[in-house]
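This report is for a reader who is meeting the structure for the first time. Please look through the sequence and the model before reading on.

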Amino acid sequence: MRILRARPLGTDSLLAAAVGLFLFAGAAVHHGSLGDRPGLFGLLFAAAGAVPLAVRRRYPISVLLVVTVLVGAFALAGYRATLGRPDLLIAAYTVWARYPARQAWPPSLFAAAGFEVTMLLGDSANPIGDTVIAVLQASATVLIGHSIYLRGLALHATAERADRAELAVVEERLRIARELHDVVSHHLSVISVQANLARYVFESAPDTARGALDTITGTTTEALDELRRLLSVLRPPHHEPGEYRPQPGLEELPSLVGRVREAGLTVRLRVAGTRRTLPSGQQLCAYRVAQEALTNVLKHAPGSFATLDVEYLSDALRLSVADSGGGPRAEGNPAGHGLVGMRERARMYGGEIEIGPREPAGFEVVLTLPYPDRTGGEPK
């Protein structure tokens with residue numbers, strides 16, 4: 001069966017050959033019965049009606065029209081098919097299985113009219129009975145073919161829904177990957193700085209070392225909470241809603257700044273303008289950009305002074321993170337995963353982000369997020 005489905009042209013050629021043999025066996029002369037064999041021309045003429053079926057899937061409507069003409073010509077030439085015309089029924093079925101009703105009706109009506117005219121002009125001994133049989137056969141063909149067409153539409157719609165669901169899963173996993181990158185990068189940077197500090201002052205300043213270890217403990221606890229919350233979406237929920245912390249937003253920026261200060265970086269937070277309530281998605285976007293930018297300062301310019309400015313403008317939120325460039329900046333790829341993630345987040349919400357060096361020294365990240373009423377709300 002798989003071989004036949006994989007080679008539709010070969011399958012239809014076999015079908016055409018079988019139908020041709022059937023028509024060849026049932027061919028008879030005008031007013032004759034089964035066994036009243038016509039000449040060689042009549043036999044070949046009978047089998048010719050099955051030849052177009054070899055390409056029925058590629059040209060369904062054309063095949064139906066050609067078969068109808070051949071059926072009519074066969075009858076008008078003085079021959080009859082004593083066993084019936086399966087070629088015409090198969091051609092009509094193919095049209096209804098491949099096209100919607102509005103496209104299948106015209107060629108089907110032409111085929112029905114052509115068959116009826118040739119039957120009346122031919123040698124039908126019982127036109128009314130033959131017409132009734134033809135109508136029943138045609139009705140069954142239409143119903144079966146159209147049901148196959150509708151089933152194909154349903155399968156196609158199901159496949160599209162499955163593709164959309166799979167795409168949604170992939171997008172969600174990419175979002176989680178960005179979240180994991182932000183969380184792990186930030187918290188591990190803080191832990192690394194505090195661990196080095198504790199090792200450096202372990203004997204000379206025990207209180208400072210204990211403070212660094214306390215910061216490490218708090219940071220690891222928070223990191224584990226966030227990782228657990230993010231990874232929980234990858235498996236069916238077995239916990240009560242609200243067990244995990246909500247997504248961080250603009251209200252958590254002071255806590256973020258506090259952790260970075262504990263890691264040894266001097267940071268100033270400034271909020272200007274009239275506060276606006278933003279959707280959670282946009283707040284998370286702003287928070288993650290600030291987190292990633294401060295983490296980069298902590299990594300690449302640990303001795304610098306950093307500023308985190310949040311401005312509520314008339315039409316957009318503007319968040320900027322800048323450093324003074326006071327320490328040696330590590331060489332790295334400016335298009336690394338963190339910066340690429342920032343750009344993707346900004347693009348999701350119709351925002352813009354500018355990343356680059358500032359004069360006379362340092363580095364700056366500027367995020368501009370339009371308010372929902374200017375962009376239509378959450379991203380599409």
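The text below covers confidence, helices, nonpolar cores, aromatic rings and one unusual peptide bond.

**Confidence**

The model is predicted. Its chain has a mean pLDDT of 80, with 82% of the residues at 70 or more. Over residues 328–336 the pLDDT is below 50, and this stretch has 11 contacts in the model beyond near neighbours in sequence. Residues 374–380 also have pLDDT under 50. For that stretch, the model has 10 contacts beyond four places in sequence.

**Two helices**

The table lists the lengths of α10 and α5.

| Helix | Residues | Number of residues | Span between end C-alpha atoms | Expected span |
|---|---|---|---|---|
| α10 | 280–300 | 21 residues | 30 Å | 30 Å |
| α5 | 86–98 | 13 residues | 18 Å | 18 Å |

The span of α10 is close to the value expected at 1.5 Å a residue, and the span of α5 agrees with its own expected value. Of the 21 residues in α10, 18 are buried, so the helix is largely enclosed by the rest of the structure. In α5, the buried residues include L88, I90, V95 and W96, as well as the polar or charged residues D87 and T94.

**Nonpolar cores**

In soluble globular proteins, nonpolar side chains tend to be buried together. The largest nonpolar core here has 35 residues, and L253, L294, L308, L317, L319 and L367 touch the most other members. At least two residues of this core come from each of α9 (253–262), α10, β4 (305–312), β5 (316–323), α11 (337–348) and β7 (363–370). The biggest contribution is from α10, which gives 9 residues.

L294 can be followed further. Beyond its neighbours within four places in sequence, L294 is in contact with L256, V260, L265, V267, A306, L308 and V321. A second, separate core holds 18 residues, among them A50, L53, A54 and V71.

**Aromatic rings and charges**

How many aromatic pairs does a search of the whole structure find? The search finds 4. F41 and F45 form a tilted pair, with 5.5 Å from centre to centre and 50° between the planes. These two residues are 4 residues apart in helix α3 (residues 40–48), so about one helical turn separates them.

Is F41 buried or exposed? F41 has a relative accessible area of 56%, and is therefore exposed. F45 has a relative accessible area of 17%, which means that F45 is buried. F45 also pairs with F74: the ring centres are 5.8 Å apart and the planes lie at 85°, so this pair is edge-to-face. This second pair links distant parts of the chain, because F45 is in helix α3 and F74 in helix α4 (residues 60–76), 29 residues apart. Both F45 and F74 are buried. Ring pairs link F41, F45, F74 and Y79 into a cluster.

Charged residues also lie over rings. R85 lies over the face of F74, at 5.3 Å from the ring centre. Elsewhere, the charged end of R276 sits over the ring of Y371, 4.0 Å from its centre.

**A cis peptide bond**

E359 and P360 are joined by a cis peptide bond, with omega at about 0°. P360 is placed in the loop between β6 (352–357) and β7.

Methods:
Residues are numbered from 1 along each chain as its sequence is written. Side-chain values use heavy atoms; hydrogens and water are left out. The expected span of a helix is 1.5 Å times one less than its number of residues. Buried means under 20% relative accessible area, exposed over 50%, partly exposed in between (1.4 Å probe, protein chains only). pLDDT is the predictor's confidence in each residue, from 0 to 100. Contact means heavy atoms within 4.5 Å. A nonpolar core is a set of buried Ala, Val, Leu, Ile, Met, Phe, Trp, Tyr and Cys residues joined through side-chain atoms within 4.5 Å. Rings of Phe, Tyr and Trp (its six-membered ring) pair if their centres lie within 6.5 Å; planes under 30 degrees apart count as stacked, over 60 as edge-to-face and the rest as tilted. A charge sits over a ring if NZ of Lys or CZ of Arg is within 6 Å of the ring centre and within 35 degrees of the ring normal.
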